[in-house]
Amino acid sequence: MLVSTRNSLARALTIGALAAVTGGLLAGCGSDDSTASSTPTLTTHSKSAPAPETSIEVPPFTTPAVAATAPPETPQAVPSGFPGPTEAPALDDRGKAYLDALKKGGIAVADNGDIAIVTANYICGAKVSGAPSEEVTAYVTGMAGAEASITGATMSPEQAAAAAQVYIDAANTHYCK
């Protein structure tokens, strides 16, 4: 009951804040003259001004359907002198056990397993913080689908949900300690 009240209060405060911001934006967009005082007339000039030149290049429009089916971008090499490590740290025993459990569960991990390890870290952190299991499952389902697409596989929503459960079970058994 306390969570429901807290969520309701949070929603009410969020809606109120959005209404205040929207009202402020709308008030700032207008001027003191809110009505037309005369009928506008169209005038033409014999000399037309050239179009302003800009150095901004606008990429062609891509529809969401085309963007969703576009192949993933190819990762670029890390530039020389880039601060920080250029390679992922080596896997420890629990990471290896976790990735092995995923493979046994039918999950193909992408590249060196970085996405799977990030997902495991999320699962463990969510477990410690007491995040709702539905929230964890939703996030992990998305990560499972993303990793599958990187490996070239496609998943139905049901397959992604089943894969998410494999990730969660493997992380709880082998990774979260």
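**Note on the helices, the disulfide and selected residues**

1. D111 is exposed, with a relative accessible area of 75%, and its place is in the loop between helix 3 and helix 4. The model under discussion is a predicted one, and the backbone of D111 deserves a remark in that light, since phi of D111 is near 45 degrees, a positive value in a residue other than glycine. Most residues other than glycine have a negative phi.

2. The two helices on either side of that loop, helix 3 (residues 93-104) and helix 4 (residues 114-129), pack at an angle of about 105 degrees, and their axes are 11 Å apart. The range that counts as roughly perpendicular runs from 65 to 115 degrees, and helix 3 and helix 4 are therefore roughly perpendicular to each other. On the side of helix 3 the contact is made by G95, Y98, L99 and L102, which meet A116, I117, T119 and A120 of helix 4. By character, the residues of this contact divide into six nonpolar and two polar, with no charged residue.

3. Which residues does T119 touch, once its neighbours within four places in sequence are left aside? T119, which is found in helix 4, is in contact with Y98, V140, M143 and Y167. Y98 belongs to helix 3, while V140 and M143 are among the buried residues of helix 5. T119 itself is buried, with a relative accessible area of 1%, where the cut-off for that term is under 20%.

4. Helix 5 (residues 133-150) has 18 residues and reaches 26 Å from its first C-alpha to its last, which is close to the 26 Å expected at 1.5 Å a residue. The buried residues of helix 5 are V136, V140, T141, M143, A144, E147 and A148, a list that includes the charged residue E147. These buried residues pack against helix 4 and helix 6 (157-175). As general background to the spacing of such a list, an α-helix has 3.6 residues a turn, so residues three or four places apart point the same way. Just after helix 5, G152 takes a positive phi of about 95 degrees.

5. V166 lies in helix 6 and, at 22% relative accessibility, counts as partly exposed. Not counting residues up to four places away in sequence, V166 touches L102, G105 and I107, and of these L102 is also one of the helix 3 residues in the contact with helix 4. From C-alpha to C-alpha, V166 and V140 are 9.8 Å apart in space, with their positions 26 residues apart in sequence.

6. The structure holds one disulfide, which joins C124 to C176 with an S to S distance of 1.9 Å. The link of C124 and C176 is left-handed, with -95 degrees about the S-S bond. C124 lies in helix 4 and C176 in the segment after helix 6, so the pair ties together parts that are 52 residues apart in sequence. Are the two cysteines buried or exposed? C124 is buried, with a relative accessible area of 14%, and C176 is buried as well, with a relative accessible area of 16%.

Key:
Residues numbered from 1 in each chain as written. Predicted model: local features only at pLDDT ≥ 70, side-chain atom pairs only at ≥ 80, totals over all residues. Heavy atoms only, no water. Axes fitted to C-alpha atoms, helices over the stretch in contact; angles between N-to-C directions. Helix = DSSP H or I, 4+ residues; strand = E, 2+ residues; numbered from the N terminus. Parallel < 35°, antiparallel > 145°, perpendicular 65-115°, else oblique. Contact = heavy atoms within 4.5 Å. Buried < 20%, exposed > 50% of the residue type's maximum accessible area, 1.4 Å probe, protein only. Expected span 1.5 Å × (residues − 1). Disulfide = S-S within 2.5 Å.
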